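Subject: Handing over a structure, with notes on what is in it

Dear colleague,

I am passing a structure on to you with this email, and I would be glad if you kept it open while you read. My notes come after it.

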Amino acid sequence: MSESVTRTQVGIIGAGPAGLMLSHLLHLHGIESVVLESRSRREIEATIRAGVLEQGTVDLLNETGVGERMKREGFVHHGIYLRFGGRTHRICFSDLADGRCITVYPQHEVIKDLVSARLAAGGDLRFEVSDVSLHDITSEAPRIRFQHAGRACELRCDYVAGCDGFHGVSRPAIPSTTRKDYSHTYPLGWLGILVEAPPSTDELIYAYHARGFALVSMRSTTLQRLYLQCHPDEHVDAWSDDRIWSELHTRLENTEGWRLKEGKIIQKNIVAMRSFVAEPMQHGRLFLAGDAAHIVPPTGAKGMNLALADVRVLSQALDEFYRHARSDRLANYSATALKRVWRAEHFSSWMTSMLHHFADRDEFQQHLQVSQLEYVTSSTAAAKSLAENYVGVPMG
Ligand code: FAD
Ligand code: DHB
């Protein structure tokens with residue numbers, strides 16, 4: 001069968017939050033794009049991942065016309081709870097972060113809203129593509145080759161956006177001689193569960209316990225999202241429902257009469273924890289965004305927010321190029337994005353270190369950890385620092 005050739009301005013690899021939002025923003029600037037995704041639409045709309053949207057992310061969704069359902073169905077939270085030593089302490093964003101707050105609204109719902117906006121606007125999204133490869137990225141006419149519906153296809157474009165997550169093909173297309181990877185792997189995993197029960201709390205509870213970290217979150221008025229620290233290489237089969245509830249009750253124990261609501265566990269999964277940054281986030285006409293360029297451990301809820309902040313910067317740079325034939329912002333894309341990335345890397349790593357149990361920490365280090373928790377929950381200066389990072393530093 002003959003090869004199918006398509007021409008567009010920006011070829012986008014990956015239909016996660018980064019790729020879909022980039023395509024949406026470019027459309028609003030009058031710039032054409034084609035999005036190539038290896039999974040099916042059904043799969044990307046059903047994968048349970050992040051839940052916390054920073055104020056800047058909420059503003060971006062609202063300002064670009066895709067925030068309607070989030071406004072109706074999301075939970076606006078003005079603080080979080082930190083629990084340790086059986087006592088709960090509130091970090092109040094309204095007091096500490098200039099009125100900014102967060103919204104709990106699941107990532108797969110953001111995905112659904114973006115897919116439907118792109119399709120309603122006639123956007124070109126190709127699902128279930130395979131064998132994606134990048135060519136001529138240092139020329140002015142880069143190409144993406146792939147298979148789709150049994151046909152060999154080529155996408156010719158001015159620019160390529162690598163939004164294909166940590167395991168994608170875009171980052172490896174930057175030669176290792178020009179790219180430096182920074183990474184740290186933690187001896188930690190998170191077991192995440194979805195539970196058919198109404199939320200147990202009005203705001204998220206981050207709990208430190210000698211048996212390990214626990215997190216109480218939510219998805220809707222009838223679904224809870226809960227996380228437990230575990231070994232990164234453990235299998236979910238090692239976690240029976242009884243073991244999960246017993247650990248959760250122990251780690252969330254308190255002297256305040258609060259109790260976790262139980263329900264039917266309808267999903268379990270384990271994720272390993274890693275910090276990772278690839279520099280620079282660009283090479284020739286290829287620009288990386290989101291998890292393709294950087295990973296944070298989930299403790300600070302930053303991953304999806306960072307992905308959306310990257311593509312906001314990238315869309316503005318591409319707009320400057322197409323509107324004014326200037327490429328200064330494109331040239332500075334990586335440097336601009338990395339400032340925010342490294343701030344989030346530090347915050348996520350710091351939250352992870354403060355809230356988890358590390359088997360290799362000696363008693364001295366454990367005392368330091370508890371002292372840090374006491375400081376952050378008793379000093380306004382320390383709490384303010386946590387709050388302003390949690391609600392998110394300004395985008396771009
Ligand atoms: P992805 O979402 O990974 O999307 C990349 C897409 O590219 C995928 O759809 C993939 O199928 C596709 N793809 C891959 N390879 C190819 C290829 N070769 N060709 C075509 N397509 C390809 N972040 C937060 O901000 N807040 C939170 O509360 C939060 N909690 C989290 C909890 C957990 C348990 C986990 C695992 C993550 C959490 N995150 C959170 C992180 C967040 O989910 C990610 O950072 C976010 O998905 C990154 O978006 P992305 O678009 O860069 O990449
Ligand atoms: C959720 C995930 C996080 O990583 C976090 O820090 C808080 C909440 C969630 O999935 O709800």
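Let me begin with a pair of helices, H10 and H12, which are oblique to each other, because their axes cross at roughly 125° and an angle counts as roughly antiparallel only when it is over 145 degrees, and as roughly perpendicular only from 65 to 115. Helix H10 covers residues 333-355 and helix H12 covers residues 380-391, and the two axes come within 11 Å of each other. The crossing in which H10 passes H12 is left-handed. Please bear in mind, here and in everything below, that this is a predicted model.

Helix H10 also packs with a second partner, H8, and in that pair the axes are 10 Å apart, with an angle of about 160° between them. That angle makes H8 roughly antiparallel to H10, and H8 passes H10 in a right-handed crossing.

Helix H8 leads us on to ligand 1, since H8, which runs over residues 303-324, and helix H1, which runs over residues 17-28, each supply at least two residues of the shell around this ligand. The largest share of that shell comes from H8, which gives 4 residues. In total, 32 residues surround ligand 1, and the closest of them are Glu-37, Ala-50, Gln-107, Asp-291 and Met-304. If you sort the shell by class, you will find 16 nonpolar, 10 polar and 6 charged residues.

Three contacts of ligand 1 deserve a look in the viewer. An N or O atom in the side chain of Gln-107 is 2.7 Å from an oxygen atom of the ligand, while a polar backbone atom of Pro-17 is 3.2 Å from an oxygen atom of ligand 1. In the third contact the ligand takes part with a nitrogen atom, which is 3.2 Å from a polar backbone atom of Gly-303. Taken alone, ligand 1 exposes 1,000 Å², and the protein buries 88% of that area.

How many residues lie around ligand 2, and which of them come nearest? There are 14 residues around ligand 2, and those that come nearest are Tyr-206, Ser-217, Arg-219, Tyr-227 and Pro-298. An oxygen atom of ligand 2 lies 2.6 Å from a polar side-chain atom of Tyr-206, and a polar side-chain atom of Ser-217 likewise lies 2.6 Å from an oxygen atom of the ligand. With Pro-298 the contact involves the backbone, where a polar atom is 2.6 Å from an oxygen atom of ligand 2. On its own ligand 2 has 290 Å² of accessible area, of which the protein covers 96%.

The shell around ligand 2 draws on strands, for strand E16 (214-220) and strand E17 (223-230) each supply at least two of its residues. The largest share, 3 residues, comes from E16. By class, the shell around ligand 2 divides into 8 nonpolar, 3 polar and 3 charged residues.

Finally, there are two details of the backbone that you could look up in the loops. The peptide bond that joins Glu-279 and Pro-280 is cis, with an omega of about -10°, and Pro-280 has its place in the loop between strand E18 (264-279) and strand E19 (282-283). The other detail concerns Glu-128, which has a positive phi of about 55° although it is not a glycine. You will find Glu-128 in the loop between strand E9 (124-126) and strand E10 (130-135).

With best wishes

Conventions: Residues numbered from 1 in each chain as written. Chains lettered and ligands numbered in written order. Predicted model: local features only at pLDDT ≥ 70, side-chain atom pairs only at ≥ 80, totals over all residues. Heavy atoms only, no water. Near = heavy atom within 4 Å. Polar contact = N/O pair within 3.5 Å; in protein donor to acceptor, adjacent residues only side chain to side chain. Areas by Shrake-Rupley, 256 points an atom, 1.4 Å probe, with all protein chains shown as cover. Nonpolar A, V, L, I, M, F, W, Y, C, P; charged D, E, K, R; others polar. Axes fitted to C-alpha atoms, helices over the stretch in contact; angles between N-to-C directions. Parallel < 35°, antiparallel > 145°, perpendicular 65-115°, else oblique. Left-handed = near helix turned anticlockwise from the far one by under 90°.
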